[in-house]
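This briefing covers side-chain pairs, the strand and helix layout, and backbone outliers. Please keep the sequence and the structure in view while reading.

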Amino acid sequence: MALLVTDAIVLHAFDYLESSRIIRLLTRDAGVQSALARGARKSRGRYGTALDLFAEGSAQLYVKPNRELHNLSAFEIARTRGELAEDVGRFTAASTIAELALRFGGEEANPQLYDTVADVLDRISRSAPDNTIEDGLAGCWRVVSVLGFTPELSSCALCHTPLRDADEVTFSHSSGGVVCPSCSKLAPGGRRIPATARAAIRHWLDGDDYSHISEAEARSHQRLLREFLGAHLTDDRPLRAFAVWEHERWSAA
């Protein structure tokens, strides 16, 4: 077995047998990996808080060729992000980010995805309770972009005609972005979005802060994002964390 030392973020964890845990990591050098942390439940002396959800640090993995589960020998923690567990909005938004990274990140090194997820989790951990949905939306769109599915927002996704910022356009999931009035007839199932919504998505993709959106706008943005993910990223399995994020926040309000 080869020893791999890499930056890693804990994105999922569950108990295994009587004393161990299996954790799923997003790593800087090997993409998404699963690892067995032996004795993690029996004693916290070996790992401490390092295996808590969303914790980040340096992981030492003994990698087994052609195996999906590796052995975690140590985890030197750098950040705990305990703030994400202090608010339901923060936690559900962060869980959605984790779900996207785990499902679609792959096992190849992707430092840009790693840095994006780390930055997004940090931003959500600082979110005010009233702003967690917007920060979650911003983070999701940034992750989607790093995965190679940036939506076209400035020109028609079909005929490439430039569109004015003030135009109300149709967002076509199947076409990969906004379409002009003429091409909207060729893209059934599109959704009309106002210029402010397009501007918000553009700002989020750029990593910029945006003004606080209303509750109704947040619902519309979550629905638009879910539909876009369904057209481009899903693999016929439901996005469970996204569903909780989209609905649980409203029921908890």
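R90 is buried, because its relative accessible area of 13% is under the 20% limit. This value, like the others here, comes from a predicted model. The salt-bridge partner of R90 is E86, with 3.9 Å between the closest N and O atoms. E86 counts as exposed, at 61% relative accessibility, so the bridge joins a buried residue to an exposed one.

**Salt bridges between parts of the chain**

- In total, the structure holds 16 salt bridges.
- R202 and D165 form one of these through their side chains, at 3.9 Å from N to O.
- This pair links distant parts of the chain, 37 residues apart: R202 sits in helix 4 (residues 195–205), and D165 sits in the loop between helix 3 (132–146) and strand 6 (169–172).
- R202 has a relative accessible area of 23% and is partly exposed, whereas D165 is exposed at 56%.
- A salt bridge also joins the side chains of R192 and E168, again with an N to O distance of 3.9 Å.
- R192 belongs to strand 8 (residues 191–193) and E168 to the loop between helix 3 and strand 6, so this bridge ties together parts that are 24 residues apart in sequence.
- Both partners are partly exposed: R192 has a relative accessible area of 48%, and E168 has 47%.
- Elsewhere, E56, R79, R81 and D122 are joined into one network by salt bridges that share partners.

**Barrel**

- Five strands make a closed barrel in the order 1-2-3-5-4, and their pairing is mixed.
- On average, neighbouring strands of this sheet are turned by 50 degrees against each other, direction ignored.
- Strand 1 (residues 2–16) and strand 2 (residues 20–27) run antiparallel and are joined by 8 bridges.
- Within this pairing, A13 stands opposite I23 of strand 2.

**Helices against the strands**

- Helix 1 (residues 88–104) lies across strand 1, strand 2 and strand 3 (31–37).
- The direction of helix 1 is at about 120 degrees to strand 1.
- Helix 2 (residues 111–125) packs on the sheet, where it touches strand 1, strand 2, strand 4 (56–63) and strand 5 (69–79).
- Helix 2 makes an angle of about 45 degrees with the direction of strand 1.
- Which strands are touched by helix 2 and also lie under the listing for helix 1? Strand 1 and strand 2 appear for helix 2 and for helix 1.

**Positive phi outside glycine**

- F54 is not a glycine, yet its phi is positive, at about 75 degrees.
- The residue F54 is placed in the loop between strand 3 and strand 4.
- F54 is buried, because its relative accessible area of 2% is under 20%.
- N66, also a residue other than glycine, has a positive phi near 60 degrees.
- N66 is found in the loop between strand 4 and strand 5.
- N66 is exposed, because its relative accessible area of 85% is over 50%.
- The two loop residues therefore fall into opposite classes, with F54 buried and N66 exposed.

Key: Residues are numbered from 1 along each chain as its sequence is written. This is a predicted model: local features need pLDDT of at least 70, side-chain atom pairs count only at pLDDT 80 or more; totals for chains, interfaces and linings use all residues. Side-chain values use heavy atoms; hydrogens and water are left out. Two strands pair if DSSP finds at least two bridges between them. Helices (H or I, at least four residues) and strands (E, at least two) are DSSP runs, numbered from the N terminus. Axes are lines fitted to C-alpha atoms, for helices over the stretch in contact, and angles run from 0 to 180 degrees between N-to-C directions. Contact means heavy atoms within 4.5 Å. A salt bridge is a side-chain nitrogen of Lys or Arg within 4 Å of a carboxyl oxygen of Asp or Glu. Buried means under 20% relative accessible area, exposed over 50%, partly exposed in between (1.4 Å probe, protein chains only).
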